[in-house]
Amino acid sequence: MRQSTVIGMTTTCAARYQSVLQEIRPRIVVVEEAAEVLEAHIVSTLSRGCEHVVLIGDHKQLKPSPTVYKLATKYNLEISLFERMICNNMAYDCLQFQHRMRPDISKMLRKIYPELKDDDAVKGYQDVKGISSNVFFIDHTYEETSEDDLKSLKRP
């Protein structure tokens, strides 16, 4: 691993092999979906050799999922390092042009992302064949339930 240019692993794996990371001392750590990663998982990947941490994610979407809900709310574990840094006015860059969604979908996100703009490429998408509208919602009657200490939802 010492000769590798890039080492990829999950944060769980990084925590498991923390002693190896401390020995290798990677200079750059990149964390994808950083808004969903527990702060402790990110901190455990860092070594004395770390010069640069890149956190990629969306703090307005999914949050970390601590195992024990009561501990998460009591100790603010449901707030990621990524979101905590943004809330403390650290500089960050945010996507301004989206290149994937047709405009009738992206316009529904403008309340969350008021600066988001559509790239010209998405404005020429053909209509979806076989349905009357390019955006279609399906209503269901199943209520979702959850258990106190679990964050996952289940159907009756």
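A salt bridge, as the term is used here, is a side-chain nitrogen of Lys or Arg lying within 4 Å of a carboxyl oxygen of Asp or Glu. By that criterion K63 and E83 form a salt bridge, with their closest N and O atoms 2.6 Å apart. Because K63 sits in the loop between β2 (52–55) and α4 whereas E83 belongs to helix α5, this pair ties together parts of the chain that are 20 residues apart in sequence. The two partners differ in their surroundings: K63 is partly exposed, at a relative accessible area of 37%, while E83, at 13% relative accessibility, counts as buried, since the limit for that class is under 20%.

The structure being read here is a predicted model, and its confidence values deserve a look before the other contacts are followed. The mean pLDDT of the chain is 88, and 93% of the residues reach 70 or more. Among the elements of the chain, strand β4 (residues 117–118) has the highest mean pLDDT, at 96, and strand β6 (residues 153–154) has the lowest, at 50.

A search of the whole structure finds 4 salt bridges, and helix α5 takes part in another of them through R84, whose side chain meets that of E39 at 2.8 Å, taken from N to O. This pair links distant parts of the chain, given that R84 is in helix α5 and E39 is in helix α3 (residues 39–43), 45 residues apart. Both side chains retain some accessibility: R84 is partly exposed, with a relative accessible area of 30%, and E39 is likewise partly exposed, with a value of 27%.

A further salt bridge joins D118 and R110, with 3.2 Å between the closest N and O atoms. D118 counts as buried at 12% relative accessibility, whereas R110, at 25%, counts as partly exposed because its value falls between the limits of 20% and 50%.

From charged pairs the reader may turn to a nonpolar part of the surface, where V68, L71, Y75 and L77 form a patch with about 360 Å² of accessible area together. One of these residues, L77, is placed in the loop between α4 (69–74) and α5 (81–87), and L77 is partly exposed, with a relative accessible area of 39%.

Finally, the record offers an annotation to set beside this picture: UniProt, in an unreviewed entry, places the feature "domain: DNA2/NAM7 helicase helicase" at residues 10–64. In the model, the end C-alpha atoms of residues 10–64 lie 14 Å apart, and the span is 33% helix and 15% strand.

Definitions and conventions: Residues are numbered from 1 along each chain as its sequence is written. This is a predicted model: local features need pLDDT of at least 70, side-chain atom pairs count only at pLDDT 80 or more; totals for chains, interfaces and linings use all residues. Side-chain values use heavy atoms; hydrogens and water are left out. UniProt positions are given in the numbering used here, feature names are shortened, and annotations may be inferred rather than shown by experiment. Helices (H or I, at least four residues) and strands (E, at least two) are DSSP runs, numbered from the N terminus. pLDDT is the predictor's confidence in each residue, from 0 to 100. Patches are made of residues with over 30% relative accessible area and no salt bridge: like charges are joined within 9 Å, nonpolar side chains (Val, Leu, Ile, Met, Phe, Trp, Tyr) within 5 Å. Accessible areas come from the Shrake-Rupley method with a 1.4 Å probe; for residues, only the protein chains shown count as cover. Buried means under 20% relative accessible area, exposed over 50%, partly exposed in between (1.4 Å probe, protein chains only).
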